[in-house]
Amino acid sequence: MTTLASSAAADATTVRAPREAPAIRLSGVTKTFGSITVVHPIDLRIEDNEFFSILGPSGCGKTTLMRMIAGFETPTGGSIELAGRSVESLPTRKRDLNMLFQSYALFPHLSVRDNIGFELKVRGRKRYPERDAAIDEALALVHMERFADRKPNELSGGQRQRVALARAVVSRPSVVLLDEPLGALDQQLRKEMQVELKRMQREVGITFVYVTHDQEEALTMSDRIAVMSEGRVQQIDAPRAIYDHPANRFVAGFIGTCNLLDGVYHSTPAEATVDIAGVGSVGASVGAASAGESVTLAVRPERLRLRAGSAGGGEIAATLLDAVFLGDEWRYILRAAEGVQLIATRPSHSSDDELTRLAPGDVVAVSWAADDARVLAS
Ligand SMILES: Nc1ncnc2c1ncn2[C@@H]1O[C@H](COP(=O)(O)OP(=O)(O)OP(=O)(O)O)[C@@H](O)[C@H]1O
Ligand SMILES: [Mg+2]
């Protein structure tokens, strides 16, 4: 019975039409400048209406990748498809996309309304009702209706940013490429705009590809994140999965704060441990490593359990170097052995009086649940 059902399902699969093409597909895309390869072969599939971020440190190839998708750079190898169509011979203006960069130049002599409508005008869309309706909609989307008749120099940085955003989506392209668009704004405004951007993207249902080197920004907004380092994609996943299950040492260290400890892996079928020089044997999640292999143990600061006093069984002895108050949390800097520092955090509202009384030089005991310590290949 089961066999029949599953073979019927398999038949249905083979005759079904191919899945709808993704918004963007990169297949083996590379870029070399002179003798230097800045993008190694990248395969990537970005779905329709997805908020997809490309996250990585300065110089890792993010902008180069975006410029290839936009058509400002030609890939050295591989192919790029937009909505299932190869764009090899398509110039930028023929690609169904728009861009928003950090240095978004608004026309100083044009009003907000005319800045937003400029591209529609160039494309020959009728002023009334077509163009006006699209502009009104875009103004409402960024909450800038009241500023429609102002000139850019009569706006704050954040307001100018909204106008640039409205301009990028007014023609309803399938894809908007955003390269560090919030870089020039102060921290407070950045945080507000992050929430706004995500709301807008959901409202208009456009695929956003968002480049940033700010991990908090990527975690806040994205459906999925591609973490890049030195021209290679290290991991592609949802924010939570990247934070909880980093694929390697680079990702663990780049996303959030992470205690990274070098050691040697040992395991039985039931449990795993890692021997750390000067510290001893500590609990770890059962990993893909083999016994005796050198590994990195990754433990998030919020997963560390702290107790004032000397260490008992299954605990690590440490000395408190500093306790830093950061508003929403306390950050404890600990020394577990020569060259082995640990960072632990606690919400500042926690009522753990014993910990708030700790002073530098005090002895503490540290532990963690084995499942919270991930084993990564060194
Ligand atoms: N036209 C070019 N000619 C030669 N090298 C280039 C060119 N454009 C970029 N590069 C190099 O390619 C690498 C990747 O640059 P890219 O601008 O893509 O980095 P990025 O990840 O966007 O960095 P940032 O976060 O600083 O903007 C850098 O080492 C850069 O110097
Ligand atoms: Mg860049």
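1. In this predicted model, a good place to begin is the pairing of two strands, where isoleucine 225 stands opposite aspartate 237, a residue of β10. The strands concerned are β9, which covers residues 224-229, and β10, which covers residues 232-237; they run antiparallel and are joined by five bridges.

2. What lies between β9 and β10? The two strands form a hairpin with two residues between them, and in that turn glutamate 230 has a positive phi of about 45°. When you follow the backbone here, it may help to remember that side chains in a regular strand alternate between the two faces of the sheet.

3. A second region to look at is helix α3, which spans residues 112-122. Which residues of α3 are buried? They are Val112, Arg113, Asn115, Ile116, Gly117 and Leu120, where buried means that under 20% of the relative accessible area remains. Please note that an arginine and an asparagine, Arg113 and Asn115, are in this list alongside residues such as Val112 and Ile116.

4. The buried residues of α3 pack against two other helices, namely α4, at residues 127-141, and α5, the latter spanning residues 157-169. After α3 comes glycine 124, whose phi is positive, with a value near 80°.

5. The helix α3 also has a part in the largest pocket, which has a volume of about 500 Å³. How many residues line the largest pocket? There are 19 of them, and those that lie nearest its centre are Leu97, Asn98, Met99, Glu119 and Arg123. The elements giving two or more residues to this lining are β6, at residues 97-101, together with α3 and α5, and of these β6 gives the most, with five residues.

6. The character of that lining can be described by class: 11 of the lining residues are nonpolar, three are polar and five are charged. Among the residues nearest the centre, Glu119 and Arg123 belong to the charged class.

7. Turning to the protein as a whole, the model has 10 helices and 20 strands, and its C-alpha trace spans about 75 × 60 × 55 Å along the principal axes. Of the 378 residues, 43% are buried, while the accessible surface comes to about 18900 Å², with 50% of that surface belonging to carbon and sulfur atoms.

8. A last point concerns contacts between residues at least 6 apart in sequence: of these, 66% join residues that are at least 24 apart.

Technical notes: Residues numbered from 1 in each chain as written. Chains lettered and ligands numbered in written order. Predicted model: local features only at pLDDT ≥ 70, side-chain atom pairs only at ≥ 80, totals over all residues. Heavy atoms only, no water. 1 Å grid on protein atoms, 1.4 Å probe; cavity = no way out; pocket = protein on both sides within 12 Å on 5 of 7 lines; lining within 4 Å. Points joined across faces, edges and corners; volume = space filled by probe spheres on them. Helix = DSSP H or I, 4+ residues; strand = E, 2+ residues; numbered from the N terminus. Buried < 20%, exposed > 50% of the residue type's maximum accessible area, 1.4 Å probe, protein only. Contact = heavy atoms within 4.5 Å. Areas by Shrake-Rupley, 256 points an atom, 1.4 Å probe, with all protein chains shown as cover. Pairing = 2+ DSSP bridges.
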